Amino acid sequence: MNTLNSAPAWQEGVFRTLKTGEVSQIAYVPDAGHSYAIRQVEADPTIHDVVLTTEEEGVAVVAGAWLGGQRAVLLMQSSGVGNCVNMFSLLSNCRFPFLTLVTMRGEYAEFNPWQSAMGRGTQAALELMGITVLRADEPDEVEPAVTAGLESAFDAGERVAVLLGQKLLGRKKWVRN
């Protein structure tokens, strides 16, 4: 069982990559799949955590950070991609670099049918908006994918999403009180 500060190695790799990649802001809507990175960001005085009410706010936060000379990353769940589609036009029209890490839902052993449609459409929606999609489904694929996304975004000025497959997080279960 993981303690508050421990996590699977791939989750530690995500945070380590963001930290060494000089990311200074992380924007997110709270999500269990990103909980380790969120806890680490909250505890790290060199990275500003920005809690959002909806994911499309994160697109603007990332763009604003870049204008202010900082690197920012948006953490979200696949269902949040649907909320961002209109805001993605800001990225392409203004040529802002962009990196988002997306935990997938609607895939492996999904219990909630409301997650399935966006889970199936996430990659296509991102690609239609001109965002390059990288994907990691196995633990050893995560850190290289996040590193590649970070380099493509901030070194080459690209717009990149790294999809973190639902198998990485395991089966989600509905807990009734």
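# Exercises on a predicted fold

Helix α6 covers residues 116-128, so numbered among DSSP runs counted from the N terminus (helices are H or I, at least four residues; strands are E, at least two). Its 13 residues reach 19 Å from the first C-alpha to the last, close to the 18 Å expected at 1.5 Å a residue. That expected span is 1.5 Å times one less than the number of residues.

The model is predicted: local features need pLDDT of at least 70, side-chain atom pairs count only at pLDDT 80 or more, and totals for chains, interfaces and linings use all residues. Residues are numbered from 1 along each chain as its sequence is written, and side-chain values use heavy atoms, with hydrogens and water left out.

## Exercise 1. Helix α6

Find the kink in α6, then list the buried residues of α6 and the elements they pack against.

Solution.

- Step 1. Go to Thr122. A kink of about 45° is centred there. The bend at a residue is the angle between axes fitted to the seven residues ending there and the seven starting there.
- Step 2. Pick out the buried positions: Ser116, Gly119, Thr122, Ala125 and Leu126. Buried means under 20% relative accessible area, exposed over 50%, and partly exposed in between (1.4 Å probe, protein chains only).
- Step 3. Recall the helical repeat. An α-helix has 3.6 residues a turn, so residues three or four places apart point the same way.
- Step 4. Look across from these buried residues. They pack against α4 (78-84), α5 (88-94), β4 (98-103), β5 (132-136) and β6 (159-164). Contact means heavy atoms within 4.5 Å.
- Step 5. Move just past the helix. Gly130 takes a positive phi of about 85°.

## Exercise 2. The sheet

Give the strand order of the open sheet and name its edge strands.

Solution.

- Step 1. Trace the six strands. The order is β2-β1-β3-β4-β6-β5, with parallel pairing. Two strands pair if DSSP finds at least two bridges between them.
- Step 2. Mark the edges. They are β2 (48-51) and β5, each pairing on one side only.
- Step 3. Add the twist, which averages 20° from one strand to the next. Axes are lines fitted to C-alpha atoms, for helices over the stretch in contact, and angles run from 0 to 180 degrees between N-to-C directions.
- Step 4. Place α3 (residues 55-67). This helix lies across β1, β2, β3 and β4, and runs at about 170° to β3.

## Exercise 3. Strand β3

Is β3 enclosed or open to solvent, and which residues do its neighbours pair with?

Solution.

- Step 1. Count the buried residues. Seven of the seven in β3 are buried, so the strand is largely enclosed by the rest of the structure.
- Step 2. Sort the side chains. Arg71, Val73, Leu75 and Gln77 point one way; Ala72, Leu74 and Met76 point the other way.
- Step 3. Take the β1 side. β1 (residues 23-28) and β3 (residues 71-77) pair in the parallel sense over five bridges. Val23 has Arg71 as its bridge partner, and Tyr28 stands opposite Leu75.
- Step 4. Take the β4 side. β3 and β4 pair in the parallel sense over four bridges. Leu74 has Thr100 of β4 as its bridge partner.

## Exercise 4. The cores

Which element gives the most residues to the largest nonpolar core?

Solution.

- Step 1. Define the set. A nonpolar core is a set of buried Ala, Val, Leu, Ile, Met, Phe, Trp, Tyr and Cys residues joined through side-chain atoms within 4.5 Å.
- Step 2. Take the largest core, with 28 residues. Those with the most contacts inside it are Leu18, Ile26, Val73, Leu75, Leu99, Leu101 and Val142.
- Step 3. List the elements that give two or more residues: α1, β1, α2 (35-43), β3, β4, α7 (139-154) and β6. α7 gives the most, with six residues.
- Step 4. Note a second, separate core of 24 residues, which includes Val62, Ala65, Met104 and Leu126.

## Exercise 5. Thr17 and Thr147

Compare the burial of Thr17 and Thr147, and give the separation of their C-alpha atoms.

Solution.

- Step 1. Locate Thr17 in helix α1 (residues 9-20). Thr17 is buried, at 5% relative accessible area.
- Step 2. Locate Thr147 in helix α7. Thr147 is partly exposed, at 27%.
- Step 3. Join them. Their C-alpha atoms are separated by 6.2 Å, although the residues are 130 apart along the chain.
- Step 4. Leave aside neighbours within four places in sequence. Thr17 is then in contact with Glu143, Val146, Thr147 and Leu150.
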